[in-house]
Amino acid sequence: QGSSHTAAKAAKVRCFESDGICDEGARRFEDGAQTVRRRRTAPLSGASMGMPVPVPLQHVLWVALLLGAERAVACEGPLLAGEVAASVFGTAFLAQCGGQIPEAPDGCLDISAELWVPCTRPGEASPESPAASCPEGCALALAIAAANAPVMGTASCAQMVLPFMRALELLSEVPAPVVLTYTDLRDAMDARRLRCSEARQQELAELRLPAAEDGDEEFGFAAEEGAMRRGGGWKRRPRVGVLLAANPEALGTYQPFINLWRCYSVRHGFEFILDTDDEEVRSLGLPLNWLRWFAARRQLPLFDYLLVADPDQFIVPECWNISLAVAALADFHNGTALPDVALRDVGPPQTLNNGVVLVRNSPRGRFFVELLLEKTRWGHTIQHDQGAFDETVLEVLELERRAAEFDLAAAVSAHRAVAPYESHCVPPLLPSIEGHELVALYAMCWWSQAESLIGKAGQRQSRVIQFVDPRVLDMNNVVGVRGTDVPAFLYHFAGRSKDWDEMLAKFGIPRRHTADCGKVFRHVDAAAAAKTCVPGNAGVEDLFGYCEPPLAVC
């Protein structure tokens, strides 16, 4: 399913080690636990859960411990101990609280709350720590705590998915678990993900799509640049920015492609922005994938449109005379409202890719960016910003459906039911119990929901988001098993494993020449004279043979 265990595991460690956004989930859970405690009239005691010894919470000292490298498999030692109180033993905790994950009694909730820190902190620990002395007890405690944590929105709900992954990790160290099973953890985590879907549905019910931008007729591309436009020119040329965001450490690798984007911007009168400010992203403990969207939030107000692009791509040399901004908006002319977002359309078995996105500086364009950045608080989503971007697209389409700003008559005439989107795809957006990214499951959900909202690929009907048909303009061809044999306007070498030198060789110019726009222009002009630009392609012709086996989506 195109899963990525290591990415989710890294996110899990980052969540438990950092003081960033993931820790807010723990803080919110602890706030909820404190609220539960304050409601009690009697102090917690082991007897309240069938244990013989009282356990004053204020004396629990294990909260400072870190997890140990060596694990015990028995639970004969104390699970919790205090300066004054005698111990709560793992055997008693397992006996009284096993099999009660979703609706654990108060005593089990309190013990689980106290075990939260010592059972989640990775690192060195003494052999007497809970995770070392009773890993199954720790796994059960994490599952109980996460399953019963207050849901105060999608963010707090989604952050409580990660502890289930830690619980499974602990359980895997137990050769013969006493009460807890893989199925228990999986079912509890699945239930939690469904609650996150319900929480998001409630949040979306409170959102409204901003009003459409007025004054579309005030700007546009000059008529001589509008060969791919229907209709005449507009009154003024829009200000278009081309944004590349990169962390400083990667600039050496990205430099030749940064140079190419700068030269392309010069040719078409765009303003080129290289944003390397990663302080905000790092301070929040986020993956660097999010860097471009924080940069987009900063830069968008300065332009009419902002083209957010990745550095691992290039526009094919023979197509450099085509303006990407003009071509992406080719279906819009005077009297037609301009879109707020433009991106490449996809259908089965392809997945959406946000490596090339045109965003308008409009209330709806800015709303889209903010709705996307809100999801940085959801913990780990598929490929970090990519899954969050895909979900944002569905949410905006749902808000557009509510605003009734698409052609209902066309939907009826096509016999297409316009069903609401109720955050159905949130569960597979979050990782599985093993830490896998459920790419295939999410993609199938996205295809279905997008088609229900705005029609099939190539026939989308949305005034907010322009889905550019790759048969006309493949503005973001993710290079796969067929390489660059497929004609396209732009090739995107997405993914971790890439040969940067080979990518530049395919463009056909030495690295040292990329810094000289004059030499770049001579190269692309010669290519255009020798070869006709074919900006689109036939798309997916063989649904089952398109992806490289064994992938179901790509």
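Which helix holds the place of Arg-401? Arg-401 sits in helix H15, which covers residues 385-402. This is a predicted model. Arg-401 counts as partly exposed because its relative accessibility is 22%, and buried means under 20%. Leu-453 lies 52 residues from Arg-401 in sequence. In space, the C-alpha atoms of Arg-401 and Leu-453 are 7.2 Å apart.

**The chain as a whole**

The chain has 554 residues, and 54% of them are buried. DSSP runs give 20 helices and 11 strands. Take the contacts between residues at least 6 apart in sequence: 77% of them join residues at least 24 apart.

**Nonpolar cores**

In soluble globular proteins, nonpolar side chains tend to be buried together. Here the largest nonpolar core has 99 residues. Trp-293, Phe-389, Val-393, Trp-446 and Ile-465 have the most contacts inside that core. Set aside the neighbours of Phe-389 within four places in sequence. Phe-389 is then in contact with Trp-293, Leu-343, Leu-352, Asn-354, Val-357, Phe-368 and Leu-372. Another core, of 49 residues, lies apart from the largest one. Its members include Trp-261, Leu-307, Phe-314 and Met-503.

**Two open sheets**

Strands of a sheet pair through backbone hydrogen bonds, either parallel or antiparallel. Two open sheets are set out below.

| Strands | Order | Pairing | Edge strands |
|---|---|---|---|
| 6 strands | E4-E3-E5-E8-E7-E9 | mixed | E4 (271-275) and E9 (465-468) |
| 3 strands | E6-E11-E10 | mixed | E6 (313-315) and E10 (477-478) |

Start with the sheet of 6 strands, in the order E4-E3-E5-E8-E7-E9. Its edge strands, E4 and E9, each pair on one side only. The twist averages 20 degrees from one strand to the next. Inside this sheet, E7 (residues 341-344) and E8 (residues 356-360) pair in the antiparallel sense over 2 bridges. Ala-342 stands opposite Leu-358 in E8. H10 packs on this sheet and touches E3 (240-245), E4 and E5 (305-309). The direction of H10 makes about 165 degrees with that of E4.

Now the sheet of 3 strands, in the order E6-E11-E10. E6 and E10 are its edge strands, and each pairs on one side only. E10 and E11 (residues 490-492) run parallel and are joined by 2 bridges. Val-478 stands opposite His-492 in E11. Helix H10, residues 251-268, packs on this sheet too. Here H10 touches E6 and E11, and its direction makes about 30 degrees with that of E6.

**Cavities**

Rolling a probe the size of a water molecule over the atoms shows where empty space is left. The count comes to 2 cavities of 30 Å³ or more. What lines the second largest cavity? The lining consists of Leu-260, Trp-261, Tyr-264, Gln-313, Phe-314, Ile-315 and Trp-320. The volume of this second largest cavity is about 50 Å³. H10 and E6 each supply at least two residues of its lining.

Several of these features share residues. Trp-261 and Phe-314 are among the members of the core of 49 residues. Trp-261 and Phe-314 also line the second largest cavity. H10 supplies part of that lining, touches E6 and E11 in one sheet, and touches E3, E4 and E5 in the other.

Definitions and conventions
Residues are numbered from 1 along each chain as its sequence is written. This is a predicted model: local features need pLDDT of at least 70, side-chain atom pairs count only at pLDDT 80 or more; totals for chains, interfaces and linings use all residues. Side-chain values use heavy atoms; hydrogens and water are left out. A nonpolar core is a set of buried Ala, Val, Leu, Ile, Met, Phe, Trp, Tyr and Cys residues joined through side-chain atoms within 4.5 Å. Buried means under 20% relative accessible area, exposed over 50%, partly exposed in between (1.4 Å probe, protein chains only). Contact means heavy atoms within 4.5 Å. Two strands pair if DSSP finds at least two bridges between them. Helices (H or I, at least four residues) and strands (E, at least two) are DSSP runs, numbered from the N terminus. Axes are lines fitted to C-alpha atoms, for helices over the stretch in contact, and angles run from 0 to 180 degrees between N-to-C directions. On a 1 Å grid over the protein atoms alone, a cavity is a set of points where a 1.4 Å probe fits but cannot get out, and a pocket is an open set with protein on both sides within 12 Å along at least five of seven lines; lining residues have an atom within 4 Å of a point. Grid points are joined across faces, edges and corners, and a volume is the space filled by probe spheres set on the points.
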